[in-house]
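Visitor: Before we look, I would like each label you use to be argued from its value and its criterion.
Guide: Then let us take the labels one at a time.

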Amino acid sequence: MPIVRMKPDTLNEENLRFEQIPLRQGVFLNSVPKSGSHLLRNIVRMFVPVEQQYHVQFIQWANLGQHLAALDPRRPQLSWGHLFFADDSAMELAGTRKILLVRDPYSWVLARARFFLSDEFSGNVDRLKQGDLSVEELLNLMIFGIYQKAPPMVDIYTHNAVAWLGTGAYLVRYEELVAQLKDLDGRGAEYFFANLFDACGIDMRDNWRERVRIGSDRKQSGTARENLSGLTIKFPDELPEIQKKLVNYAAPGLREMLGYR
């Protein structure tokens with residue numbers, strides 16, 4: 001599996017500043033890779049006792065069998081990862097509350113490209129870091145995949161997101177999460193986070209805004225865009241029009257299925 005180098009955060013220490021109510025049911029934060037996984041995880045961590053947080057590993061299909069203890073309904077825990085929908089994963093999560101985080105495929109292509117070229121990621125695609133390819137070529141590789149090295153976008157979204165729809169997983173869109181964080185004092189944010197915490201089985205406390213602000217601090221996320229190191233290529237802030245068309249060609253109907261227009 002690829003290696004992700006992460007700097008440790010201080011959220012366990014921040015968590016201890018607040019009174020915590022133990023989880024009564026396990027919660028699994030599932031996500032499409034590069035969809036804000038650490039952002040959502042860090043926010044929810046501020047509402048769960050540290051001893052009920054499973055920090056051993058990001059749980060994925062390849063290592064699911066090694067981390068079944070995280071999903072044991074007799075010992076409710078908060079865990080996270082990138083699990084695609086299959087018989088074993090669905091059965092192991094049967095007694096767990098499921099949150100599903102997705103991102104607009106247009107911005108996901110850019111996020112995936114940045115991460116692959118950063119020092120924080122190391123795997124069988126490190127040759128991309130040599131700088132021989134144009135931005136457009138790199139983006140196309142993110143959309144269509146790299147033969148025998150990295151899956152195409154449609155496979156990732158199909159198995160990590162679309163196949164979970166309609167199974168009881170609570171859908172969160174990265175863009176909506178970010179928008180509510182920017183207006184955290186507004187009524188919309190209160191409604192958004194009340195629904196999220198309810199889906200997690202977490203009681204919303206009076207100091208929820210303070211906890212959310214601490215958890216969403218981008219300095220605490222080693223994979224936030226500004227915290228990635230080693231990038232020698234400048235990517236555009238928005239996906240070029242031709243690549244948007246290629247996304248729609250490669251995965252027709254995907255954005256609409258996830259609620260994007």
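Visitor: What makes Asp237 count as exposed?
Guide: In this predicted model, Asp237 has a relative accessibility of 65%, and since the label exposed applies over 50%, Asp237 counts as exposed. The residue is found in the loop between H9 and helix H10 (241-250), and its C-alpha is 8.5 Å from that of Ser107, although the two are 130 residues apart in sequence.

Visitor: Why is the pair of Phe85 and Trp164 called edge-to-face?
Guide: Ring centres have to lie within 6.5 Å to pair, and planes over 60 degrees apart count as edge-to-face; here the centres are 5.0 Å apart and the planes are at 80 degrees, so both conditions are met.

Visitor: What does the pair of Phe85 and Trp164 tie together?
Guide: Phe85 belongs to the loop between strand S4 (78-82) and helix H3 (87-92), and Trp164 to the loop between helix H6 (153-160) and strand S7 (170-173), so the pair joins parts that are 79 residues apart in sequence.

Visitor: How do you know whether Phe85 and Trp164 are buried, partly exposed or exposed?
Guide: Buried means under 20% relative accessible area, with partly exposed reaching from there to 50%. Trp164, at 3%, is therefore buried, whereas Phe85, at 32%, counts as partly exposed.

Visitor: Why is the pair of Phe193 and Trp208 called tilted?
Guide: Stacked needs planes under 30 degrees apart and edge-to-face needs over 60; the planes of Phe193 and Trp208 are 40 degrees apart, with 5.7 Å between the centres, so the pair falls into the remaining class, tilted. Phe193 lies in helix H8 (residues 187-200) and Trp208 in helix H9 (residues 208-215), so parts 15 residues apart in sequence are tied together. Both Phe193 and Trp208 are buried, and ring pairs link them with Phe47, Phe192 and Phe197 into a cluster.

Visitor: How do you know that the charged end of Lys34 is close enough to count as sitting over the ring of Phe115?
Guide: The distance limit is 6 Å from the ring centre, and the charged end of Lys34 is 4.1 Å from the centre of the Phe115 ring. Arg103 likewise lies over the face of Tyr174, at 4.3 Å from the ring centre.

Visitor: Which element gives the most to the largest nonpolar core?
Guide: That core has 41 residues, and Val109, Leu128, Leu139, Met153, Tyr157 and Phe235 have the most contacts inside it. H4 gives the most, with seven residues.

How values were computed
Residues are numbered from 1 along each chain as its sequence is written. This is a predicted model: local features need pLDDT of at least 70, side-chain atom pairs count only at pLDDT 80 or more; totals for chains, interfaces and linings use all residues. Side-chain values use heavy atoms; hydrogens and water are left out. Rings of Phe, Tyr and Trp (its six-membered ring) pair if their centres lie within 6.5 Å; planes under 30 degrees apart count as stacked, over 60 as edge-to-face and the rest as tilted. Helices (H or I, at least four residues) and strands (E, at least two) are DSSP runs, numbered from the N terminus. Buried means under 20% relative accessible area, exposed over 50%, partly exposed in between (1.4 Å probe, protein chains only). A charge sits over a ring if NZ of Lys or CZ of Arg is within 6 Å of the ring centre and within 35 degrees of the ring normal. A nonpolar core is a set of buried Ala, Val, Leu, Ile, Met, Phe, Trp, Tyr and Cys residues joined through side-chain atoms within 4.5 Å.
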